[in-house]
Amino acid sequence: MEFLEYETYMRQALNEARRALDHGDVPVGAVLVDRGGTVVSSDHNRREELQDPTAHAEILVISGAASARRSWRLDGLTMVVTLEPCPMCAGAAVMARLDRIVYGAPDPKAGAAWSLYNIPQDARLNHHTELVAGVLEDEAAELLRAFFDQRRG
């Protein structure tokens with residue numbers, strides 16, 4: 001996939017992220033795309049909606065794709081997500097054997113794909129996931145900034 005293609009899928013992830021606003025969740029969206037460009041799974045944060053601390057967009061798309069494929073091995077897939085994955089989500093991406101994680105905004109407080117940790121590329125792990133950061137970063141960051149400004153306001 002080329003960088004411009006990442007932008008196309010990031011726009012889909014941003015649309016998913018906006019859906020999280022309908023139920024008061026932090027607006028993070030994710031899509032999983034196969035090598036042919038087909039979206040295999042898409043979702044958004046649902047922690048508030050489901051009252052489940054693991055209901056991050058990344059976990060939900062990984063679970064959806066594993067269910068659709070009837071396999072926990074998700075090699076050949078790229079996850080495009082609006083926010084840098086946290087340690088739980090970065091770890092799940094590695095355990096699922098994803099080829100690549102593409103994200104929009106960095107997360108300096110909880111990011112585990114360069115900001116605080118680099119779980120996807122940790123040499124001590126048996127699988128490594130390529131990282132691409134900063135795709136439509138400003139748009140992804142603004143969506144989050146507006147959400148938290150409104151909550152504080």
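Here is a short friendly conversation about the sheet, the helices and a few residues of this predicted model.

Reader: Before we start, which ground rules apply here?
Author: Welcome! In this predicted model, local features need pLDDT of at least 70 and side-chain atom pairs count only at pLDDT 80 or more, while totals for chains, interfaces and linings use all residues. Residues are numbered from 1 along each chain as its sequence is written, and side-chain values use heavy atoms, leaving out hydrogens and water.

Reader: In what order do the 5 strands of the open sheet stand?
Author: Strands (E, at least two residues) and helices (H or I, at least four) are DSSP runs numbered from the N terminus, and two strands pair if DSSP finds at least two bridges between them. The pairing in this open sheet is mixed. Strand E2 (39-44) and E5 each have a single partner strand, so they stand at the edges. The order is E2-E1-E3-E4-E5.

Reader: Which residue of E3 is the bridge partner of Val-31?
Author: Strand E1 (residues 29-34) and strand E3 (residues 77-83) run antiparallel and are joined by 5 bridges. In E3, the partner of Val-31 is Val-80.

Reader: At what angle to E4 does helix H5 run?
Author: Axes are lines fitted to C-alpha atoms, for helices over the stretch in contact (heavy atoms within 4.5 Å). Angles run from 0 to 180 degrees between N-to-C directions. Helix H5 (residues 137-152) lies across E3 and E4, and its angle to E4 is about 60 degrees.

Reader: Why is the pair of Phe-147 and Phe-148 called edge-to-face?
Author: Rings of Phe, Tyr and Trp (its six-membered ring) pair if their centres lie within 6.5 Å; planes under 30 degrees apart count as stacked, over 60 as edge-to-face and the rest as tilted. The search of the whole structure finds 2 aromatic pairs. In the pair of Phe-147 and Phe-148, the centres are 5.0 Å apart, and the label is edge-to-face because the planes lie at 75 degrees.

Reader: Is Phe-147 buried or exposed?
Author: Buried means under 20% relative accessible area, exposed over 50%, and partly exposed in between (1.4 Å probe, protein chains only). Phe-148, at 31%, is partly exposed. Phe-147 has a relative accessible area of 7%, so Phe-147 is buried.

Reader: What phi does Trp-114 have?
Author: Most residues other than glycine have a negative phi. Trp-114 sits in the loop between E4 and strand E5 (130-133) and is partly exposed at 43%. Although Trp-114 is not a glycine, its phi is positive, at about 135 degrees.
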